[in-house]
Each structure stands twice: as C-alpha cells, then as structure tokens.
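Me: Please take a close look at one sheet in this structure for me, and then place it in the rest of the chain. I'd like one connected account, with cut-offs where you use a term.

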Amino acid sequence: MRYDSWTIREPKDAEVNSLCSSGVSILPALILSAREMQTDVGEFFDTSISNLHDPFLLSGMAEAVERIKLAVLMSERIAVYGDYDVDGITSVAIVTEYLKGIGADCFWYIPDRMEEGYGLNSSALQTLRDRGASLVITVDSGVTAINEARYAADIGLDLIITDHHECKDTLPECAALINPRVHDNTYPFDELAGVGVAFKLLCALSQDSEDTVKRFGALTAIGTVADVMPLVGENRIIVHHGLKLLAKTSNLGLLALIEEAGAADRRLNAITIGYVLAPRINAAGRMGKAGIAVDLLLTKNPLEAKSLAQKLCDLNKERQIVETKIFEEAIKMLPTLPEGEKYPCIVLEAGHWHSGIVGIVASRLTERFGCPAFLICVDGDVGKGSARSVCGINLVEALSANTALLRNFGGHALAAGFSVETQKIDALRQGLIAFCISQEVHTERSLTIDACLKPEWIETENVRKLQLLEPYGTANSQPLFMLSDFSLNKLTAIGNGKHVRMKLERDNYSFNAIWFGMEKEALAPYSGDKIDAAFTLDINRFRDEESIQLQLVDVRFSAANPDDVSQEQELYARLQARGRLATDEAKSLLPERQHFAFVWRALRLDTMQELSGTELARRIVNAWRTEGQRGAESCKPMSYAMVWVILDIFEEFSLISIEKAAAWKINISTAAAKSDLTKSKILLRISEA
C-alpha cells in the first residue's frame with residue numbers, strides 16, 4: 001500500500017533452534033538469524049563501557065586536551081560554539097557543563113538559524129572575541145570552515161574544531177581538529193555523532209570514560225539518536241547506557257521536558273527520544289530560538305525548567321503547523337509526471353518558506369516519493385536550502401558535482417544544507433536532476449521484513465524479550481514482522497482522524513493494531529478483506545494493564561496461491577480460444593444470478609478501477625468470500641475465471657467496456673438497459689461443453 005515491494009527475510013530454522021537452545025527467546029532469535037548476526041551474538045549483547053575506544057586514538061585529541069588545560073590554568077575565556085539542531089544543542093550543553101565544572105571561564109554561542117545560517121561565521125567570531133574569548137571550541141560544526149578558521153587566527157582566536165561531518169580535501173588550519181571522518185584518521189569507529197565527538201573530548205579531559213558516561217550519557221544518547229547515527233559500535237554502547245541514565249536522570253530540564261511531553265509514564269527508549277523528546281528540542285533551533293533548549297538542559301532551577309519545557313512544547317506545536325503548510329504547498333508545486341514515471345529528485349523553492357522547517361519537509365517528501373528532495377528558502381538574491389536523500393544517492397557528492405553553482409554546502413550522505421544565488425536555482429535544479437539520473441539508483445520504495453510470524457508466537461513475554469535487541473535506530477532498526485492472511489476488521493479513526501485503530505483476526509486469533517499517520521478512509525478498501533500486515537510489536541500500558549499492540553507499517557492484499565492463479569488463467573485462456581473444457585470445468589465457470597449482481601455492484605466502487613485483471617478478480621473474489629456469499633450459501637464458489645467470464649458477458653451486452661492494458665479501465669455504460677444475461681452466447685458456449 002505504501003511500499004512498492006516487500007522483501008521478506010528468511011531466518012534459518014537450524015540457527016533459530018540453536019539460539020533458542022542457548023537461552024535466546026524466539027523473537028530475538030528470529031531477528032538475529034534473519035540479519036545474519038547469529039555468530040556475533042556475544043559481541044552484539046556486550047555493551048560494557050570498557051569497550052569504548054581510547055579517546056586519544058582520535059587525531060588531534062592530544063593537542064586539544066593540552067590547549068584546553070592551558071586555557072583553564074591561565075583563566076582564559078573559552079567560548080563553546082555549536083549548532084542549532086539536537087546534536088549541536090546537546091554538544092554545547094555537555095561541553096559547557098563540564099568546563100564550568102572544572103572551573104573554566106566559559107560561555108556558549110549558537111548562531112541564529114535565520115540570520116547567520118549554519119556553521120562558523122566571521123561576524124560571530126568577532127563577537128566572541130569582543131566578549132573576551134581567546135579560545136573557541138566548536139561542536140558539531142567547523143570542519144569545512146577554512147576561511148573562518150583563517151579569520152579567527154587573524155583576530156587572535158585559537159580554534160579547536162570538533163565535528164563529525166564529511167570533510168573536504170582541504171582542512172581548516174587550527175589549534176586542533178577532531179573528526180573521526182578526516183581522511184588520515186585511524187580511529188576504529190567513524191560514525192560518532194557530533195555530541196559523540198564532544199563526549200570523547202570530555203573522556204580525554206577527565207581520563208575517566210565511566211564517570212563521563214554517568215554524567216553526560218543521557219544527553220549524548222539524545223543527540224546521537226536525534227542525528228540518526230548508526231546504533232552500532234560505540235554509539236550502541238553510549239545509547240544503551242544513556243537510556244538507563246535518562247530513566248533516572250537528575251537533570252531538571254530533562255525531567256521537566258519528559259513531564260511536559262507526556263512521557264513520564266512511558267518506558268524511555270530510542271523511539272521515545274526520536275519521536276517525543278528530540279522534536280521538541282529541535283523545534284527551538286528550527287524556530288530560531290535554540291538558546292531556550294540550551295538553557296533548559298543547563299538550568300539548576302526547577303521553576304525555570306518547567307517554564308522552558310512549556311516553551312519548547314509550544315514551539316513544537318507552532319513548528320508542526322508551519323511544517324504542514326509548507327508540505328501541502330510543496331505537494332501542489334510538484335510537476336505532473338506521465339503515468340508510471342517517478343521523480344529522479346525534487347527541487348522546489350519559495351520566498352516565504354521558513355528556513356528552519358524545510359529540512360523536515362524535505363524528509364517527508366523523500367519518504368513519500370522515494371527520491372532526494374531539495375527545498376530552498378529564497379530571500380532576495382540568495383536561497384538557503386536543505387536536502388534529504390535515499391540510500392544510494394550521496395548528497396555531498398550531488399552538491400559537489402554542482403559546486404560551481406553553490407555558495408557553500410555541507411552535511412552527510414543523507415542530509416545536507418547549502419546556499420545558492422537565486423538566479424542559479426534553475427541551473428542547480430537541472431544539475432541535481434542530471435546527477436540523480438546518472439546514479440541509476442532503483443528508488444522503488446521497498447520494505448524489508450525480518451520474519452513472518454506464527455500467531456502463537458505473539459504473546460507478552462516473547463514481545464518483552466525483544467528489548468534485548470535495543471536500542472533501535474539506523475543499522476539496528478526496530479524488528480519488522482509480518483502476519484499473513486488475516487482479516488482487517490473494526491477500523492476506528494482516532495486522534496482527530498489522523499490515526500486508525502483496528503483488529504487483525506484469523507481463526508481464533510485476534511490482535512489489536514494501530515496505524516499512526518494513516519486515515520481510516522485510506523484503509524477502507526482493505527476492510528474485511530484478507531491481508532498481509534507488516535508491523536512492529538509493542539507492549540501497550542494503560543492503567544497498570546499491559547497488552548500487545550501491533551503498530552502497522554504497511555498492508556497488502558493476501559496473494560492467492562500462484563499455482564491456483566495460473567490454473568485459472570489457463571482455464572480462461574482455453575475458453576477464449578474455444579478450446580475443449582471438461583464438464584466440471586464448465587460448471588465451475590457458469591455464474592448464478594447472485595454472482596452477476598455482486599460483480600455489478602463491485603464494479604461501481606472506485607477501488608475497482610485501474611487494476612490488473614488478476615488484481616481486479618482477486619479483490620472481487622475475496623469480497624465475495626467475506627460478504628457476498630452471506631445469504632447465498634447455496635451458490636457455488638466464485639473464482640477468478642468466473643469473474644472474467646462475467647465481465648465478458650457484461651461487455652457482450654454493452655453494459656461495460658474494458659480498456660485492457662497493464663491496468664484495466666472499466667467504463668460503465670450510462671445508458672445500460674436491463675438485459676437477460678441468460679441469453680448470452682458466452683454462457684451458451686460454456687453450457688454446451
């Protein structure tokens with residue numbers, strides 16, 4: 001329904017049985033086998049802090065530590081320069097908190113998103129110098145700031161850059177540069193978030209990783225998850241411990257935000273961070289008020305914490321309104337494509353769009369259309385853009401290929417920012433489209449399912465054991481399961497129509513399910529039908545009672561047995577070719593009055609248009625089985641071939657016309673008169689068989 005295709009992994013029975021014999025529960029065992037991790041189970045489950053790498057393995061770390069210690073010793077003023085997203089905000093918070101804790105004269109600075117844009121800028125550096133700073137430590141930014149680093153040196157500022165973004169061939173000259181992605185770096189793990197790099201700096205300064213985890217693990221986990229970093233290696237260890245610390249945090253700002261966001265009674269996991277906490281922290285930066293979020297994370301005043309948390313939640317609501325408006329406008333601006341074609345990429349611009357919101361809108365467009373999206377906010381002669389991409393198309397490479405058209409750019413393979421002169425936007429659009437076409441990436445939206453479950457496996461204790469695989473995120477996604485051939489029943493719209501609740505039922509099994517972001521009307525064609533469901537599993541807690549809840553990701557009509565379909569097609573083909581039919585075959589094709597009436601009613605539904613002949617027949621047959629046969633139990637079963645025969649008879653009497661292509665278009669005659677279908681020549685030919 002949402003995805004063009006499903007890929008279903010196949011856990012190996014022998015591996016699953018072996019894992020279960022060693023004490024692993026059935027659902028985690030299925031995932032470990034499906035993802036070919038059964039041989040790395042010990043390493044995967046070992047999240048000991050002792051497994052964190054020595055921070056001094058990062059190039060530039062020794063120089064950075066020496067310069068910071070000198071600044072503290074000499075009472076120099078230190079400025080912590082950050083970014084306005086969650087990664088940058090949490091980075092600023094932990095470095096500022098640590099430096100103040102060791103007696104440093106320290107203050108923080110985050111550029112205004114609307115006025116200054118992303119990264120280091122010379123005006124801000126001059127401001128920091130004017131405020132008495134002699135050392136600037138960047139977090140989550142700076143690795144591409146070659147000119148700005150040169151300017152800092154010119155005005156007497158020492159610069160330590162900590163970052164994790166992609167590097168260019170030339171690096172800025174500074175007192176120290178720490179980035180696991182620098183080309184000559186030999187650090188064992190290069191997927192740290194910006195806050196992860198800042199965290200490693202604090203580990204080096206304190207020379208006590210365990211204590212650093214205890215003090216700053218929760219905020220480091222929040223920044224890592226929010227920046228969609230792979231939750232493997234060091235990130236998995238940091239987030240694993242950070243989540244435990246978050247559940248018992250003494251940080252007044254986090255406590256107030258958790259309460260204000262309605263998450264106080266929830267089990268706090270990576271999904272809570274990604275969908276509850278991070279959007280509220282991010283809202284401050286998106287709306288140009290990142291300082292509110294930093295103040296929240298650093299405050300020691302409970303009343304101030306409550307007030308700031310309320311402001312963040314209000315900003316998030318405002319952000320949602322603006323986001324929806326931009327998204328709707330962007331959809332209307334998309335060029336119309338010929339049927340069957342897809343966008344190689346989307347490049348749109350507008351003068352009134354909020355520069356802090358277009359990134360998340362670009363992400364929604366990418367998710368919906370399965371291609372990179374570039375959204376540009378035009379302000380006079382300059383446009384500021386945000387981009388999101390799909391696996392296989394690297395945004396840094398796409399923007400690098402169009403460097404001549406850009407003022408600047410930076411970011412990751414899947415998320416980037418850039419600026420462009422307004423007069424060059426059309427040329428940039430053509431350049432980006434050409435690049436994306438040249439990649440020859442198959443952008444079909446495909447869903448990868450870990451395992452098809454037996455209904456009896458879905459019980460509370462099994463679902464609870466899935467928590468052993470957490471934290472979930474990039475490179476360790478939440479397990480996705482499938483149930484086959486279930487009925488979709490009792491659809492109920494909830495959340496002002498934004499979501500839908502339902503039941504999946506088969507035989508004696510019944511499961512509660514919910515689909516967030518799905519409207520009831522969109523699922524109506526599947527109601528009561530046999531479907532396959534793709535979902536994640538969760539334990540819902542309400543009034544101290546627990547129940548299993550399936551969170552749907554996609555559904556599709558249950559496929560008929562391929563052999564049965566081919567037999568139906570072969571039978572129908574012989575009829576069309578006036579081939580010989582056996583008596584029992586002919587009888588199976590002869591429709592009764594109730595069959596004719598049911599198919600006629602079905603054809604009037606919009607959901608029966610623009611389908612392949614097989615899909616059309618399948619829907620009608622499934623609908624007959626679930627509702628049409630009620631009150632007509634004495635009628636013979638309806639088959640695919642019978643449906644095609646009925647359609648031929650309707651055409652014979654000019655009741656309909658069918659345009660047969662990959663998708664059939666059925667036109668119902670507006671002047672259709674009552675006809676005696678028993679006089680059909682097609683029926684006569686079948687009867688004579």
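Reply: Happy to! Two strands pair if DSSP finds at least two bridges between them, and the strands themselves are DSSP runs (E, at least two residues; helices are H or I, at least four), numbered from the N terminus. The model is predicted, so local features need pLDDT of at least 70 and side-chain atom pairs 80 or more, while totals for chains, interfaces and linings use all residues. Residues are numbered from 1 along each chain as its sequence is written, and side-chain values use heavy atoms, without hydrogens or water.

Your sheet is open and has 5 strands, in the order β7-β8-β9-β11-β10, with mixed pairing. At its edges stand β7 (346–350) and β10 (406–411); each has a single partner strand, so one side of each is left without a neighbour in the sheet. On average, neighbouring strands here are turned by 15° against each other, direction ignored; the axes behind that angle are lines fitted to C-alpha atoms, and angles between N-to-C directions run from 0 to 180 degrees.

Now zoom in on the β10 edge. The partner of β10 is strand β11 (residues 415–421); the two run antiparallel and are joined by 5 bridges. One residue pair to pick out is L406, whose bridge partner in β11 is V420.

Stepping back, the protein chain holds 25 helices and 20 strands. Its C-alpha trace spans about 105 × 65 × 45 Å along the principal axes. Of the 689 residues, 51% count as buried, meaning under 20% relative accessible area (exposed is over 50%, partly exposed in between; 1.4 Å probe, protein chains only). For a residue in a helix, take L70 in α4 (residues 61–73): L70 counts as partly exposed because its relative accessibility is 41%.

You may also wonder about covalent cross-links: how many disulfides does a search of the whole structure find? The search gives 0, with a disulfide taken as a pair of cysteine sulfur atoms within 2.5 Å. For C106, the closest cysteine sulfur is in C203, 18 Å from its own, so the gap is too far for a bond. C167 is in no disulfide either, as the nearest cysteine sulfur, that of C174, lies 11 Å away. Both of these residues are buried: C106 has a relative accessible area of 8%, and C167 has one of 11%.
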